[in-house]
Amino acid sequence: MLRAGVGYSFRQDSREAAREAAGLAVSRSGRPALTFLFTTVDYDQERVLETVLEETGTAKLVGASGAGIVTREGIKRQGVQVLTLAGDGIVAETALLDIPSGQAAETGRALAEKLLEGFPMKEGTVFLFPEGLSGNLARLLRGVYDLMGPGFQYAGGGTGDNLSFLKTFQMTERGVASGAVAAALVGGCSFAAGIAHGWAPFGPPLLITRARGKEVFEINEQPAFQVYARQLGGICPEDFPFHAARCPLGVPDATGRFIIRDPVRLGAGGAME
């Protein structure tokens, strides 16, 4: 039977926060087969990881930094959160790999190979936490899927740094990295997933009139950033990172729901990637 424990802490000291969050999680699950660790970048990540491993006694851990943690008390911009999974028959493998520039697909395949080494099952769930500032996440995921295929479920998300866009962290029991991807392959239990967003459209609908790949050159036959800035009441390029995180683009699908795409940087001539 699967037993899960969740604990979180808002303490400012890295070790104290990690100890409180991990202790609460383990008290509810028992010794885990796999630990998930989520932090914000305000902490010493190595100390947090070391303390969580000490408290949980787990052999396998995967984790990531984010813009905040989601708790019963709401979304908090600073904190440490730990999820522990325990139970007979649960097996897990983890991997932590750097993502060299221009080699996202190759990294994805190498990651899949590492996860599958010694994994005794033909099905399971893959949790992926790649560098969120990378522009090639789709290629990374394609590399993983090319090797592992549809017999596995896939979940996860890009790592963040409280919207600073400077440095994010990925971690397993092996250590803490940046510019990498942390992953866990879990078998012996099943997961269900639900996904939604809280964004709401505003202003008149716009039409992308020129684009290539993930770069938008024109909206309504005008430079993309010029239209984007006008929609927000007039912003300058220096303020783009701040507003881009809070005002993404929404692309409606056939059902009328919006697919959210985050602008990450400006290009020549007012283009937006």
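This is a short dialogue on reading one residue and the sheet around it in a predicted model.

Visitor: Let's start with Thr94. Which strand is Thr94 in?

Guide: Thr94 sits in strand 7, which covers residues 91–98.

Visitor: And how do I read its accessibility: is Thr94 buried or exposed?

Guide: The general idea is a cut-off: buried means under 20% relative accessible area. Thr94 comes in at 3%, so it counts as buried.

Visitor: Which side chains make polar contacts with the side chain of Thr94?

Guide: Look for N or O atoms within 3.5 Å of each other. Here the side chain of Thr94 meets that of Glu173 at 2.7 Å, and a polar contact of 2.8 Å links it to the side chain of Arg174. Leaving aside neighbours within four places in sequence, Thr94 also has contacts that include Leu34, Lys60, Leu115 and Ala183.

Visitor: Now the sheet. In what order do the strands lie?

Guide: Read across the pairings: the order is 7-12-8-9, an open sheet of 4 strands with mixed pairing. Strand 7 and strand 9 (152–156) are the edges, each pairing on one side only. On average, neighbouring strands are turned by 20 degrees against each other, direction ignored.

Visitor: How many bridges join strand 8 to strand 9?

Guide: There are 5, and the two strands run parallel. As a landmark, find Phe127, which stands opposite Ala155 in strand 9.

Visitor: Which helices pack on the sheet?

Guide: Helix 3 (residues 104–116) touches strands 7, 8, 9 and 12, and its direction makes about 150 degrees with that of strand 7. Helix 4 (residues 137–148) touches strands 8, 9 and 12, at about 155 degrees to the direction of strand 8.

Methods
Residues numbered from 1 in each chain as written. Predicted model: local features only at pLDDT ≥ 70, side-chain atom pairs only at ≥ 80, totals over all residues. Heavy atoms only, no water. Buried < 20%, exposed > 50% of the residue type's maximum accessible area, 1.4 Å probe, protein only. Polar contact = N/O pair within 3.5 Å; in protein donor to acceptor, adjacent residues only side chain to side chain. Contact = heavy atoms within 4.5 Å. Pairing = 2+ DSSP bridges. Axes fitted to C-alpha atoms, helices over the stretch in contact; angles between N-to-C directions.
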